[in-house]
Amino acid sequence: MSFRKRNFNILMAIAVALIFTAPAMGADLKDVVKVYAGFNGAWFDGPAVSFPNDFEAGGGASASLSPHLSGVASVYYGFDHSYIRSAVGGRVTATDVNDPDFSVGLGFQYHGGSEPEVGPNEWAPDASFGWRPAPDKMPRLIVVGQGAYGLTSQKVRVIAGLRWAIPF
């Protein structure tokens, strides 16, 4: 099975499980699942590290399984090196879950990529933050950052970017 088909199947299985689990838990789907479009600067550990290695566009989703625990998934396309990068896993919110304007999370995700130079397919712990700089004027805009460490490759990946929350 190809890389793209396998990752698509994993993401679809998670999405279907979350969609059918939320109503069973008595939660409204719009309160559980969040969808985002985004743009990143991305840096990858390796011999050709520059500022940044690439710019990416794509999207992601999260599903709150409890106030502090979320399932997360994302897919991004790198423009300069023409790659597709994806991640799927879980995240624990380490800050106040009642503050919608700032959060820090610790996660563990399976990262995949269409180009080995960008990052091999591997599990990676990560730390991330999300911050709404203007919650009154632009409540859907979120500034994000994430760092991950590949357990197999022992390489670091870092992104800094903007997200736009998509209501549904």
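## Reading a barrel and its cavities

Guide: Let's start with one pair of residues: Val 35 stands opposite Ala 61 in E2. Keep in mind that this is a predicted model.

Visitor: Which strands pair there, and over how many bridges?

Guide: First, the general idea. Strands of a sheet pair through backbone hydrogen bonds, and the pairing can be parallel or antiparallel. Here, strand E1 (residues 33–44) pairs with strand E2 (residues 54–64) in the antiparallel sense, over ten bridges.

Visitor: In what order do the strands close into a barrel?

Guide: Follow E1-E2-E3-E4-E5-E6-E7-E8: these eight strands close into a barrel with antiparallel pairing. From one strand to the next, the twist averages 30 degrees.

Visitor: Which residue is the bridge partner of Val 92 in E5?

Guide: Look for Leu 106. Strand E4 (residues 83–93) and strand E5 (residues 102–113) run antiparallel and are joined by nine bridges. E5 also pairs with strand E6 (residues 122–131), in the antiparallel sense and over ten bridges. There, Phe 102 has Trp 131 in E6 as its bridge partner.

Visitor: Now for empty space. How many cavities of 30 Å³ or more does the structure hold?

Guide: The general trick is to roll a probe the size of a water molecule over the atoms, which shows where empty space is left. This structure holds four such cavities, and the largest has a volume of about 60 Å³.

Visitor: Which residues line the largest cavity?

Guide: Its lining is made of Phe 44, Arg 85, His 111, Gln 146, Gly 147, Ala 148, Arg 157, Val 158 and Ile 159. Strand E7 (141–149) and strand E8 (156–166) are the elements that each give two or more residues to this lining. By type, the lining residues are four nonpolar, three polar and two charged.

Methods: Residues are numbered from 1 along each chain as its sequence is written. This is a predicted model: local features need pLDDT of at least 70, side-chain atom pairs count only at pLDDT 80 or more; totals for chains, interfaces and linings use all residues. Side-chain values use heavy atoms; hydrogens and water are left out. On a 1 Å grid over the protein atoms alone, a cavity is a set of points where a 1.4 Å probe fits but cannot get out, and a pocket is an open set with protein on both sides within 12 Å along at least five of seven lines; lining residues have an atom within 4 Å of a point. Grid points are joined across faces, edges and corners, and a volume is the space filled by probe spheres set on the points. Helices (H or I, at least four residues) and strands (E, at least two) are DSSP runs, numbered from the N terminus. Ala, Val, Leu, Ile, Met, Phe, Trp, Tyr, Cys and Pro count as nonpolar, Asp, Glu, Lys and Arg as charged, and the others, Gly among them, as polar. Two strands pair if DSSP finds at least two bridges between them. Axes are lines fitted to C-alpha atoms, for helices over the stretch in contact, and angles run from 0 to 180 degrees between N-to-C directions.
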